[in-house]
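Colleague: Please take one part of this model, an element at the centre of its sheet pairing if you wish, and describe closely what lies beside it and what covers it. A short account of the surrounding chain would also be welcome.

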Number of protein chains: 2
Amino acid sequence: MGIALDKVAINQATTREQWDFRQSVEGYRRHGVPWLALWRDKVAEIGLKEAVRIIANSGIKVSGYNRLGAFADPHDRAVVRSETLAVFDEAEALGAPCVLYFPGDFRLFAKELGDARRRLGELVFDIAEITREHRCRLALEPLHPMLAADRSPLNTLAQANDLCDMVEGVGVVIDVYHLWWDPALDAEIARCGKDRLLGFHVSDWRVPTRDLVFDRAMMGDGVIDIPHIRQQVERAGYMGPVEVEIFSREWWQRDPDEVIEIAVQRCGRCV
Amino acid sequence: MGIALDKVAINQATTREQWDFRQSVEGYRRHGVPWLALWRDKVAEIGLKEAVRIIANSGIKVSGYNRLGAFADPHDRAVVRSETLAVFDEAEALGAPCVLYFPGDFRLFAKELGDARRRLGELVFDIAEITREHRCRLALEPLHPMLAADRSPLNTLAQANDLCDMVEGVGVVIDVYHLWWDPALDAEIARCGKDRLLGFHVSDWRVPTRDLVFDRAMMGDGVIDIPHIRQQVERAGYMGPVEVEIFSREWWQRDPDEVIEIAVQRCGRCV
């Protein structure tokens, strides 16, 4: 149980309220963390050129780039095309292996959830076409069913796998927070196979959970059997980093150095 | 779209903060509602004998009895047996066709969610054995995955159907609030078939949802395609009432007569 430091990634969202782009890169590095996941708004604050320079000089590796979407209008192909190319170009400049796509409120796609899911499939096909020349890959991250209305109509790994079966080159990110409840999870992780697995995110489910979005727990403080899920992911062939991504009003109020220190400790004991 | 008044049931939880047992029976009747679902704590307040008398005199029909569980210790077979018999005897005295079972926090069953689900299966088998002589049937209601930690490890209709396949006589209750997000819902409703469908509950998913338990919306005020789900349930053979069950701090603050009036109207337009 637990992973070595060289497998730890921190997602900038974990310290998003405390640290800006430069502070987060320096902060994670100070704790010996070799990987980080970037957010587009943090890059925008400082500018792409400077962000690329900071990353290059840090020696830190990028595990992923957040995020593509939500498109203001996913039916406007010109907007989808230019926005997608912009995000993928940034991601490649920053050395990110994948871009995470989040569709947003299902009513952007259609009036009913079922229709929205069908249209999302068509859009994923279009995005894959648009980014065919990029090394960087499109990553689908199913979000918890409690977020099905306003964050993403993609809510199970089965759905993501069905899409990957149909669209060449697309992969998935497994986040234990979003998927731990799923009785089909082990089977669907096995179904992914190595090539499709682009990321593995950890945090924990707090009891009670007081907010649908901003109340994730630190690994070990909740009820998710994280080692079991990591074992399944590694058995399926995943060899990349384990990314700590904690959206939490509580942890955002704490000293960020303390947050990262605890996150690294917990990766060694509870993951 | 919409159902006739003779199909409307109101669950006592909908006015639980405003009306006691007698007031709710009289209140629903005043609005012409022919069905209601009972709660054990409301019955306990007034006593079983008086509750039976009030129901008998009201002419109102009982759609279900809430609830069996959570057992303080689901491994203690003597406790499970006596508690189960007590609840089923009450339910039959009150004329309820089914008792809803809610397992509670999965950690009552086992340390890990997967183990808890296996043990839940064994317990459902035991409960079915214990109640073999009762006319009243055991109903499994899958709860939303956001409640997987502390309310129920039964979180999809597929899981409930798997259990029903294995245990004779057990049925399911479909609640749109808990299941609307599931990409497999239509297929799993069809899989239920007529005999297994013991109830159909409606409310709506509010955007944003501010609480994991007590923020359900009135039908028509949220994003669930209720008529679509009702159509699937009826296509599968369900002919029973449509039960309004709204756990909401907001609606609990309103005049209960107004709540029931609106609920009945919405059943005629949005269900």
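**Strand β1 and its surroundings**

Modeller: In chain B, strand β1(B) runs parallel to strand β8 (residues 242-244), to which three bridges join it. Strands here are DSSP runs of E with at least two residues, helices are runs of H or I with at least four, and both are numbered from the N terminus; two strands pair if DSSP finds at least two bridges between them. The model is predicted, so local features need pLDDT of at least 70 and side-chain atom pairs pLDDT 80 or more, whereas totals for chains, interfaces and linings use all residues. Residues are numbered from 1 along each chain as written, chains are lettered from A and ligands numbered from 1 in written order, and side-chain values use heavy atoms, without hydrogens or water.

Within the pairing with β8(B), B:Ala9 stands opposite B:Glu243. β1(B) also pairs with strand β2 (residues 35-39) of chain B, in the parallel sense and over three bridges. There, B:Ala9 faces B:Trp35 as its opposite residue in β2(B). B:Ala9 therefore has an opposite residue in β8(B) and another in β2(B).

The cover on β1(B), residues 8-11, can be described face by face. In a regular strand, side chains alternate between the two faces of the sheet. One side of β1(B) carries B:Val8 and B:Ile10, the other B:Ala9 and B:Asn11, and all four are buried (under 20% relative accessible area; over 50% is exposed and the range in between partly exposed; 1.4 Å probe, protein chains only). Both faces of this strand are thus covered.

Chain A offers the corresponding view. Its β1(A), residues 8-11, has buried A:Val8 and A:Ile10 on one side and buried A:Ala9 and A:Asn11 on the other. It pairs in the parallel sense with strand β8 (residues 242-244) of chain A over three bridges, and A:Ala9 has A:Glu243 as its bridge partner there. Three bridges also join β1(A) to strand β2 (residues 35-39) of chain A, again running parallel; in this case A:Ile10 stands opposite A:Leu36.

Away from this strand, the loop between β7 (197-202) and α9 (226-235) of chain A holds A:Ser203. A:Ser203 has a relative accessible area of 0% and is therefore buried. Leaving aside residues up to four places away in sequence, A:Ser203 touches residues including A:Asp175, A:Tyr177, A:Arg216, A:Met219 and A:Glu245 (contact: heavy atoms within 4.5 Å).

Helix α6 (residues 157-166) of chain A buries A:Leu157, A:Gln159, A:Ala160, A:Asn161, A:Leu163 and A:Cys164. These residues pack against α5 (113-130), β5 (137-140), β6 (171-175), α7 (176-179) and α8 (185-196) of chain A. In chain B, the buried residues of α6 (residues 157-166) include B:Leu157, B:Asn161 and B:Cys164, and their cover includes α5 (113-130) and α8 (185-196) of chain B.

As for the wider frame, chain A has ten helices and eight strands. Its C-alpha atoms fill a box of roughly 45 × 45 × 35 Å along the principal axes. Of its 271 residues, 60% count as buried. Among contacts in chain A with a separation of 6 or more, 78% come from residues 24 or more positions apart.
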